[in-house]
Amino acid sequence: MATQPEPRPGIPSLFTQPPPIRDPLVTETTRLQEATVEKCLTFLKGLHPSQTGPFNDTGVPALHREDHVTYLYESLEDYPAGFVAMDASRPWMVYWALAGLALLGEDPTHFRERVLGTLRPMQNATGGFGGGHGQTSHLASSYAAVLALAMVGGAEAFALVDRDAMWRWLGRLKQADGGFSVTEGGEEDVRGAYCASTIIALLDIPLVLPPDATKAREAGFETLTDGLAEYLSRCQSFEGGISGSPGVEAHGAYAFCALACLSILGAPEEIIPKHMNLPLLLSWLSARQYAPEGGFSGRTNKLVDGCYSHWVGGCWPLLQSALDGKPQPSGAPPETVGSLFSRDGLDRYILGCCQTPMGGLRDKPGKSADSYHTCYVLTGLSATQHHHYRTNASISPDSPFASAFSWQASPVAVEESVYESADRLVAFHPLFVIPHQAAANMRIWCESNPIHV
Ligand SMILES: [Zn+2]
């Protein structure tokens with residue numbers, strides 16, 4: 001039998017060996033899981049020929065920053081014909097690239113003119129943005145468009161949004177059970193709740209229901225946010241995770257949407273325990289991180305995938321804040337319960353398994369890079385590199401969203417981490433998933449230019 005090459009020095013055995021306990025029942029799921037572990041182990045040990053390094057003392061390869069920057073710039077250029085299926089996701093393509101570039105330290109404001117020119121025709125006179133020119137407005141594409149406008153910044157970008165039409169459109173999407181459908185006549189899910197609350201908070205959309213919010217009025221609601229937290233509460237599943245709508249399977253991306261939506265609506269230490277079974281949620285969320293891979297899966301019995309570095313990884317700062325309690329009056333970081341997941345494990349998965357040799361990041365070894373995974377893997381890496389906490393100094397102290405605009409971040413010390421200082425990314429706002437200043441600038445401009453309803 002050929003001897004296995006030794007892992008690079010500095011890597012704990014947790015990340016170099018298969019799990020010690022295995023279920024004797026063999027199914028397609030367990031076979032896929034074992035194959036994924038085998039593939040990841042070569043990368044975690046730093047032994048795959050495509051890994052060029054340099055490797056540090058903990059056996060982790062450097063972040064290939066320049067390659068990822070180049071990849072994302074190229075993702076904003078022309079696409080071959082096969083990409084026609086992405087035509088309904090054009091605001092997303094803009095968002096993923098700009099967010100990834102901002103995380104890597106590039107300045108997204110250089111793209112202002114191009115972004116305004118791209119997004120302007122996608123806005124509909126009846127409110128909201130479609131996925132492309134002439135397409136029906138959708139909450140997901142509107143969310144991506146608003147975040148892209150926030151990142152390029154400036155009065156012209158903020159003023160591009162027809163906020164009066166957006167307010168009326170959101171009213172028509174508001175449902176009798178408190179949630180939002182993603183498009184008029186379309187499905188209702190937790191994405192809709194999160195995208196709507198993000199748009200409302202960043203654009204200072206009036207909370208009072210517009211005249212044509214028929215379903216919400218008939219249910220007795222008075223505002224766009226009435227009944228929303230209660231709706232999210234009904235989306236927690238028997239496993240403790242959060243599903244897209246009541247009664248279906250819990251999923252990492254919906255967990256982030258629900259927890260971020262709650263944390264936009266109120267202070268995490270009050271609103272999350274009030275509407276979620278916290279011990280059960282912690283249990284489900286903890287089970288999403290696998291060893292030896294170090295990355296997160298999105299659902300029970302599924303494989304690790306780099307994009308959950310954000311969807312699951314982004315839940316942790318919100319739960320940590322909920323457990324840490326009220327902000328310190330001094331504005332200093334609070335006494336904290338500490339990390340609730342293995343930051344080192346996730347960093348090893350991201351830097352070891354998700355970087356592709358030509359730039360861009362991926363789901364897992366064997367998959368290709370794309371701008372969606374590049375954006376959310378980098379967002380997850382940034383989240384591991386910072387402590388996120390709230391202060392009493394909100395930029396919008398008198399609004400219902402005071403807590404949402406009070407987040408700060410401080411870097412985790414490199415000495416306590418498996419990456420190098422050169423691998424540090426920009427901290428992102430943990431609810432809006434854009435730079436802190438971009439979120440603040442949009443909110444402040446909209447507050448000083450209110451719409452009258
Ligand atoms: Zn993915």
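**Figure 1. Packing of helix α12 in the predicted model.** The buried residues of α12 pack against four helices, α10 (228-233), α11, α13 and α15 (315-324). Helix α12 itself covers residues 268-275, and P268, I271, I272 and H275 are its buried positions. Viewed down the helix axis, these buried residues of α12 are confined to an arc of 95 degrees, so they line one face of the helix. The model shown here and in the other views is a predicted one.

**Figure 2. The pair of helices α16 and α17.** Two packed helices are described by the angle between their axes and the distance between the axes. For α16 (residues 343-354) and α17 (residues 371-384), the axes come within 10 Å and cross at roughly 145 degrees. The crossing of α16 and α17 is left-handed. On the α16 side the contact is made by R343, L346, D347, I350 and C354, and on the α17 side by V377, G380, L381 and T384.

**Figure 3. The largest nonpolar core, centred in this view on L147.** This core has 129 residues, and L147, A148, L149 and A258 are those with the most contacts inside it. Helix α11 (residues 252-265) supplies the largest share of the core, 12 residues. Leaving aside residues up to four places away in sequence, L147 touches Y95, F432, V433 and I434.

**Figure 4. T58 and its partners from elsewhere in the chain.** T58 is placed in the loop between α1 and α2. It has 18 C-beta neighbours inside 10 Å and therefore counts as partly exposed. V418 lies 360 residues from T58 along the chain, yet the C-alpha atoms of the two are separated by 5.9 Å. When residues up to four places away in sequence are not counted, T58 touches G10, I11 and V418.

**Figure 5. Cis peptide bonds before P54 and P292.** G53 and P54 are joined by a cis peptide bond with omega of about -5 degrees. P54 sits in the loop between α1 (28-44) and α2 (65-74), the loop that also holds T58. A cis peptide bond also runs from A291 to P292, where omega is near 10 degrees. The loop containing P292 is the one between α13 (278-286) and α14 (308-311).

**Figure 6. Positive phi at D204 and N301.** D204 is not a glycine, but its phi is positive, about 50 degrees. The residue lies in the loop between α8 (190-203) and α9 (214-218). Because D204 has 21 C-beta neighbours inside 10 Å, it counts as buried. N301, also not a glycine, has a positive phi of about 65 degrees. N301 is located in the loop between α13 and α14, which also contains P292 and its cis bond. With 10 C-beta neighbours inside 10 Å, N301 therefore counts as exposed.

**Figure 7. The annotated span, residues 63-400.** An unreviewed UniProt entry lists this span as "domain: Prenyltransferase alpha-alpha toroid". In the predicted model, residues 63-400 are 47% helix and 1% strand. The C-alpha atoms at the two ends of the span lie 39 Å apart.

Technical notes. Residues numbered from 1 in each chain as written. Predicted model: local features only at pLDDT ≥ 70, side-chain atom pairs only at ≥ 80, totals over all residues. Buried ≥ 20, exposed ≤ 12 C-beta atoms within 10 Å, placed from the backbone. UniProt positions renumbered as here; feature names shortened; annotations may be inferred. Core = buried A, V, L, I, M, F, W, Y, C linked by C-beta atoms within 7 Å. Contact = placed C-beta atoms within 7 Å. Arc of directions from axis to C-beta. Axes fitted to C-alpha atoms, helices over the stretch in contact; angles between N-to-C directions. Left-handed = near helix turned anticlockwise from the far one by under 90°.
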